[in-house]
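Please work through the exercises below with the structure open beside you. Each one sets a task and then gives a solution in steps.

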Amino acid sequence: MRKSLILMGLALLALPSVAQECCLIEGVNGRGVAANDQQRVGFSLFAVKATCEHDHARVRGTFALQTMTERGHLSIETDRILRLERDGNTVAVSGPAVLTLRNRDGEHRVLGVVHVVAHDGAGMDLAAAGESDALAVHFESRDMNWDFRGPVVEGNIEVFVRRHCECQVQFARGRGVAANENRQHAAFDFDVVSRRCPEQEPQLGGQFGFRTASDNRSLSIMMRDVAAFESDGTNAAFGGPAVAVIRSRDGTREIRGVVRVRVHDGEDGDGIVVLFEAENFRFAYEGRVVRGEIVVGSRG
């Protein structure tokens, strides 16, 4: 019964194409010194947001600031930026942070939230060229608030945005021995890979080998170049031009035709279906794997 279910799944297999995963990447990267008439601060900022087609937006980043105030040395740090919004060449980020004040009385730490607005004055918007990079910082907590706003006088701020599409790779590979319902054994060996990358032609490669024997006759099938491949992650179908070689007491016969293969990678057992067709010749085999394994998968 288990084998019948495997092969039924192969026979009815309808394989969809895998969608390419594309993401919009927005972020900011900056390091240097910003200053106004009253204050000068050193800062470092990196934050990025990835908004992908099949997932929720993900944000990560860090921010650090150091400056001298009338009350002592002040620093703000966070490695948990949780929000990022971009408007042209301006990015606003925020997250939980620690403000530390050091002076003669010791060290005082305050937990709160930091809001940072960074502007890229020489960014991708040509209309904004000539403007200065700028930084605005607001720290708030129950105990205190602290603010800074000023242009960048050393270093720079870069706001970036790009679209990123990952390559989608699907594969099927297997090696071993299968047995059909008549206990006819067949050895198989295949390795097929499909690679689809943005702005590139799809790439397909692989080979398939098969050998079985019965009634004083052996048959082998070899496909050196796969012409078609589809997969749904558990099942795969592939095929292409192939050569079948029949050896018997009467000699050796070589037949050129087309082979179509369907394989199943399942927790309840692996299965394989092979169909070779040529003019005036047809060979079909379906069985379950009794030694070795079949692996169908994807990455990217």
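## Exercise 1: Two disulfides

C52 is buried, since its relative accessible area is 7% and the cut-off for burial is under 20%. This model is predicted, and the exercises treat it as such.

**Task.** Find the partner of C52, describe the bond between the two cysteines, and state which strands they occupy.

**Solution.** Begin with the sulfur atoms: those of C23 and C52 are 2.1 Å apart, and the two residues form a disulfide. Next consider the torsion about their S-S bond, which is about 100°, so this disulfide is right-handed. Then place the two ends in the chain: C23 belongs to strand β1 (residues 22-35) and C52 to strand β2 (residues 40-52), so that the pair links distant parts of the chain, 29 residues apart. Finally, C23 is buried, because its relative accessible area is 7%.

**Task.** The structure holds two disulfides; characterise the one that joins C167 to C197.

**Solution.** The S to S distance in the link of C167 and C197 is 2.1 Å, and with 120° about the S-S bond the link is right-handed. C167 lies in the loop between β9 (145-165) and β10 (168-179), while C197 lies in the loop between β11 (185-196) and β12 (203-214), so the pair ties together parts that are 30 residues apart in sequence. To classify the two ends, compare each value with the limits, under 20% for buried and over 50% for exposed. C167, at 26% relative accessibility, therefore counts as partly exposed, whereas C197, at 9%, counts as buried.

## Exercise 2: Aromatic pairs

**Task.** Determine how the rings of F190 and F208 are arranged, and do likewise for F210 and F283.

**Solution.** The count comes to eight aromatic pairs. One of them is F190 with F208, a tilted pair with 6.3 Å centre to centre and 40° between the planes. F190 lies in strand β11 and F208 in strand β12, so this pair ties together parts that are 18 residues apart in sequence. Both F190 and F208 are buried.

For F210 and F283, the ring centres are 6.0 Å apart and the planes stand at 55°, so this pair is tilted as well. F210 sits in strand β12 and F283 in strand β18 (residues 281-299), and the pair links distant parts of the chain, 73 residues apart. F210 counts as buried because its relative accessibility is 4%, and F283 counts as buried because its value is 13%. As a last step, note that ring pairs link F188, F190, F208, F210, F238, F283 and Y285 into a cluster.

## Exercise 3: The nonpolar cores

**Task.** Which residues touch the most other members of the largest nonpolar core, and which strand gives the most to this core?

**Solution.** The largest nonpolar core has 31 residues, of which F208, I221 and F238 touch the most other members. The strands that each supply at least two residues of this core are β10, β11, β12, β13 (217-223), β15 (235-248), β16 (251-264), β17 (271-278) and β18. Among these, β18 gives the most to the core, with six residues.

Taking F208 as the example, and leaving aside residues up to four places away in sequence, its contacts are D189, F190, I221, M222, M223, F238, V259, V261, I272 and V274. Apart from this core lies another, of 30 residues, including L65, A97, A118 and I157.

## Exercise 4: Pairing around β16

**Task.** Describe how β16 pairs with β15 and with β17, and how the chain turns between the strands.

**Solution.** On one side, β15 and β16 run antiparallel and are joined by 14 bridges. Within this pairing, S248 stands opposite G251 in β16, and a hairpin of two residues joins β15 to β16.

With β17, β16 pairs in the antiparallel sense over seven bridges, and V261 has V274 in β17 as its bridge partner. The hairpin formed by β16 and β17 has six residues between the strands, and G269 in the turn has a positive phi of about 125°.

## Exercise 5: The setting of A64

**Task.** Is A64 buried or exposed, and which residues does A64 touch beyond four places in sequence?

**Solution.** A64 is placed in strand β3 (residues 58-69), and at 15% relative accessibility A64 counts as buried. Not counting residues up to four places away in sequence, A64 touches G42, F43, S44, I76 and E77. For G42, the separation from A64 is 22 residues in sequence, and the C-alpha to C-alpha distance is 8.3 Å.

How values were computed. Residues numbered from 1 in each chain as written. Predicted model: local features only at pLDDT ≥ 70, side-chain atom pairs only at ≥ 80, totals over all residues. Heavy atoms only, no water. Helix = DSSP H or I, 4+ residues; strand = E, 2+ residues; numbered from the N terminus. Buried < 20%, exposed > 50% of the residue type's maximum accessible area, 1.4 Å probe, protein only. Contact = heavy atoms within 4.5 Å. Disulfide = S-S within 2.5 Å. Phe/Tyr/Trp six-rings, centres within 6.5 Å; stacked < 30°, edge-to-face > 60°. Core = buried A, V, L, I, M, F, W, Y, C linked by side-chain atoms within 4.5 Å. Pairing = 2+ DSSP bridges.
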